[in-house]
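Dear colleague,

Please find below the structure that I am handing over to you. My notes on it follow directly after it.

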Amino acid sequence: MMTSVTTDWILVALAIAAYFQFWRLNSNASASHSKSSAVISKPPTERPPANWSGRQPPPPSSGAIGDSPDSLFTWIQISDIHISRYLPKGGFPHFQSFLENELPLVGPDLVILTGDLVDSKSQSTLTSEQYLDEWLAYQAMLNRSGVLERQAFYFDQRGNHDCFNLGDGFNGSEFAKMSAVRRPGYVYHHRKTFGTYNFVALDACPNVGTSRPFNFFGVLDNADMNILASVVDKAGAEGHNHTFVATHYPTSTLITGFANDGRGMKDLAPRVSMWVCGHLHRLVLDIGKKMYAFHASWNLLELELSDMKDNAVFRIVAVDHDMISFTDEYLSLETIPSPRLHNIIDSPTEANPTPPPRKPFKPIILVTNPRDARFASPGNEPVTRIRSSKFIRFLLWSETPVAPEDIRLSFDGQVATSSSGEPLQPMPRFKGDQWRRGVPVNETGENFLPLWILQWNPSVFDDGWDHELVVDVIGRDGNSVLASKRIVFRVDGARAKNEDMGSGLGGKVILARFSPFLKSCFVLAHVFLTAAFLLARLFGDKFNQKVTSHPVGLRERILADRSRAGSSAPSESGGGGQQVLATPQPIGSRPYRRLRTRTGSTRDGMEGIQLCILWCYSSFLDLVGTPSYFYPLFSYLLYVVSFPWFLGSLVPSATDDSNRIGAFYTVGIWFWNDEGWIPMLDTWFYSLWSLISLFTPLMLYLAARGRALHEIAGIRANGASIERSASAGTVLRIAVFAAEKVLVILWLFVSVRFINMVPSYGAITIFTSPPLWWFWLWAVAQVGMIWWNEVVFKFFRRGSQYSIVVDDAEEGEEDGLNLTFGEAIDSASVTARRRNRSRDTGLI
């Protein structure tokens with residue numbers, strides 16, 4: 001017969017085999033092939049020359065910044081439109097208002113849309129599908145606005161919602177048929193008389209467009225990194241001015257690969273002037289209203305843009321003598337989000353959909369010189385030009401003409417004045433294009449630049465400190481402020497030192513590296529839990545022997561102190577006969593409660609910590625020592641790193657089973673087709689969340705409460721019976737009992753959120769998911785058995801309202817020892833009570 005020691009070492013071998021399988025699966029997933037069918041064809045990039053500095057140098061200076069709109073252009077970014085057939089507000093009306101009003105007024109050189117053109121979610125939001133009417137509505141709005149008639153003006157790219165549930169791959173998708181670019185990413189060289197500016201849109205959607213909810217994180221694979229490497233190498237070799245990269249996903253939510261020559265983000269990102277993205281909207285509860293970050297290790301400025309869907313936000317970026325400035329603005333609507341007044345399902349291509357109600361346009365101000373030092377990127381911008389500049393420069397868009405006297409500038413809180421105290425003369429001058437109310441983009445091919453200038457002496461502010469500049473547009477009444485723009489600037493071109501970007505938590509999210517973080521957290525948590533189970537299994541008995549071998553062991557002393565509650569018997573722990581008064585408590589109910597002596601002084605707080613640690617570990621040993629608990633829990637840990645969580649129709653719209661059904665592993669998703677492994681960060685996140693939300697709480701609950709179920713039979717077998725005491729349960733005890741049950745029910749409800757996968761991925765997920773459905777049902781059964789046991793024996797907590805009457809086998813009569821239920825299931829408590837009773841009666 002196999003001994004327990006042999007069994008334990010077999011378990012160790014199984015754990016090692018599981019981790020080897022996990023390593024093999026992760027290696028295969030990480031080495032998956034690139035998106036060969038969904039990228040712009042580019043030749044493999046070669047390693048740059050050995051003398052390459054690794055960073056694109058700023059272009060040579062073309063002289064001091066003057067008063068003309070030369071060397072200046074603007075472009076607009078929008079993101080996350082989410083045109084939906086079901087959403088009653090936002091999305092469609094916001095995009096319509098932008099195309100009809102803000103876009104003609106601003107008149108940029110080009111527009112880029114960073115993903116999520118359509119919503120693709122069902123009315124219940126549980127499933128996803130590429131609805132044709134949503135795409136038709138998007139295409140119809142582009143055609144009506146005329147943006148497609150202007151060459152190299154409007155560029156769009158995919159977001160995660162645009163690749164939900166793509167059964168026919170990219171080539172058969174609606175994006176490939178109805179978008180402006182119709183390619184999964186693009187490289188556009190924007191050539192001006194004063195330089196070349198590269199716009200690179202990297203498609204970070206996974207190779208296979210799975211249905212929601214597992215399509216949140218993105219991937220920049222080998223093909224994407226080759227494109228980026230090729231562009232930055234060419235920019236450096238040909239002296240291009242700037243390279244702007246656009247992705248739907250922020251870099252924090254990306255799994256990034258390497259180019260053919262081994263270069264990754266840390267090598268290529270420093271040669272990107274600015275990285276723009278969308279996707280995160282404003283997080284939850286608007287905690288990410290501003291999501292800007294500067295990656296110091298990459299020398300990269302990354303700007304996430306809030307959504308057009310609910311918040312109606314767009315971004316204007318200006319490049320003035322190669323210094324980059326931007327402003328995020330709201331659409332001029334009466335309500336945000338605005339109600340959708342157009343029925344997309346019935347008439348997606350209606351010629352004149354009802355526009356949303358608007359309010360008067362608020363002037364937009366964008367200061368281009370000096371540039372805002374909070375967002376400076378000294379390694380990629382010629383910021384030293386600020387020191388030699390002769391004019392303050394700012395762009396001002398307005399629906400009505402603005403007079404010079406309507407503009408007020410202030411430095412460091414002081415309105416700019418002359419030596420006589422009068423307003424600074426000359427006043428700001430309009431040096432840009434002639435004012436206009438807004439021209440349809442298809443009727444003009446030029447960038448509208450409403451430039452204003454004001455002569456200044458930058459040496460006055462060249463003191464190595466941050467300074468503040470505020471530009472206000474004053475109403476005709478002379479008091480009201482119609483618009484205001486505040487920047488922090490430095491003449492030396494350095495980044496602001498006393499003020500950050502004001503992003504708060506949103507900036508931390510952009511700076512994060514979720515890919516290594518989630519992977520590391522899962523691996524560490526899993527290894528810790530597995531090691532804890534194995535160590536307790538191998539060395540738990542030795543630990544118990546060490547604790548109980550002391551003349552008055554710590555565990556026994558706890559029970560003995562409780563058994564003498566209220567008595568004046570001397571303490572067995574010594575201390576000159578010092579007496580201990582303690583409230584009767586079962587083991588496990590607040591073992592860290594401070595025990596007070598007769599004089600009222602508090603024992604050393606370390607003892608309470610020791611008691612708590614001892615109880616936790618003792619309960620865990622009880623859990624590991626219970627086979628009906630240990631083997632299911634340990635099997636769960638080994639299974640989730642070795643086998644798929646479930647099989648399901650991950651791409652329901654696919655017609656072929658090999659393209660539709662996939663296996664969901666911790667390291668990614670496997671399809672039985674040419675795609676093979678699809679590395680996804682979603683799978684790591686879900687695996688970690690399951691460990692945290694289901695496995696760990698169940699383990700703790702079984703350790704704290706579960707042993708009663710397995711020890712009750714032992715109590716009765718030893719001749720004990722459970723009797724109810726005369727005192728009834730208190731209201732507080734009943735309330736605590738009810739609260740505990742409510743919390744457990746809520747936990748079980750939250751942990752079963754994977755039920756949402758059934759509508760998306762089919763009923764097959766129920767029958768092929770041992771770590772999900774099977775394990776959850778087992779967890780419910782164990783909790784139910786514990787509660788049933790409590791009901792049968794009528795106790796609310798392991799407390800003082802019920803007692804255990806132990807039949808002394810040696811004396812052959814009832815000895816009258818009364819223990820709480822929690823103490824009775826511990827043999828040490830029975831021994832301690834018997835010893836105390838014998839001492840009191842003089843038997844020993």
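To begin with a single residue: is Phe749 buried or exposed? Phe749 counts as exposed, because its relative accessibility is 61%; here buried means under 20% relative accessible area, exposed over 50%, and partly exposed in between, with a 1.4 Å probe and protein chains only.

Some conventions apply throughout. This is a predicted model, in which local features need pLDDT of at least 70 and side-chain atom pairs count only at pLDDT 80 or more, while totals for chains, interfaces and linings use all residues. Residues are numbered from 1 along each chain as its sequence is written, and side-chain values use heavy atoms, with hydrogens and water left out.

The chain as a whole

The chain has 20 helices and 30 strands; these are DSSP runs, numbered from the N terminus, with helices (H or I) of at least four residues and strands (E) of at least two. Of its 844 residues, 55% count as buried. The chain exposes about 36,100 Å², of which carbon and sulfur atoms supply 57%; accessible areas come from the Shrake-Rupley method with a 1.4 Å probe, and for residues only the protein chains shown count as cover. Among contacts (heavy atoms within 4.5 Å) between residues at least 6 apart in sequence, 76% join residues at least 24 apart.

The nonpolar patch

Phe749 is found in helix H15. Together with Phe685, Trp689, Ile692 and Val750, Phe749 makes a nonpolar surface patch of about 520 Å². Patches are made of residues with over 30% relative accessible area and no salt bridge, where like charges are joined within 9 Å and nonpolar side chains (Val, Leu, Ile, Met, Phe, Trp, Tyr) within 5 Å. A salt bridge is a side-chain nitrogen of Lys or Arg within 4 Å of a carboxyl oxygen of Asp or Glu. Helix H14 (681-717) and helix H15 (731-751) each supply at least two residues of the patch, and the largest share, three residues, comes from H14.

Strand S7 and its surroundings

All five residues of strand S7 (residues 242-246) are buried, so S7 is largely enclosed by the rest of the structure. Both faces are covered, with His242, Phe244 and Ala246 on one side and Thr243 and Val245 on the other. S7 runs parallel to strand S5 (residues 195-202), to which five bridges join it; strands count as paired if DSSP finds at least two bridges between them. Ala201 has Ala246 of S7 as its bridge partner. S7 also runs parallel to strand S9 (residues 274-277), through three bridges, and Phe244 stands opposite Met274 in S9.

Ala201 also has a counterpart in space: its C-alpha atom is separated by 5.2 Å from that of Tyr186, 15 residues apart along the chain. Tyr186 is found in strand S4 (residues 185-192) and is buried, with a relative accessible area of 2%.

Helix H5 (residues 222-238) belongs to this region as well, since its buried residues pack against S4, S5, strand S6 (218-220), S7, helix H6 (265-268) and S9. Of the 17 residues of H5, 12 are buried, including Met225, Ile227, Leu228 and Val232. The end C-alpha atoms of H5 are 24 Å apart, which agrees with the 24 Å expected at 1.5 Å a residue; the expected span is 1.5 Å times one less than the number of residues.

Two open sheets

Four strands form an open sheet in the order S14-S15-S19-S18, with antiparallel pairing. Strand S14 (364-369) and strand S18 (429-430) stand at the edges with a single partner strand each, so one side of each is left without a neighbour in the sheet. S14 and strand S15 (residues 391-397) pair over five bridges, and Val367 stands opposite Phe394 in S15.

Another open sheet of four strands has the order S17-S16-S20-S21, again with antiparallel pairing. Its edge strands are strand S17 (414-415) and S21, each pairing on one side only. Strand S16 (residues 407-411) and S17 pair over two bridges, with Phe411 opposite Gln414. Strand S20 (residues 467-474) and strand S21 (residues 481-489) pair over eight bridges, and Ile474 stands opposite Val481. Their hairpin has six residues between the strands, and Gly478 takes a positive phi near 85 degrees there.

With kind regards
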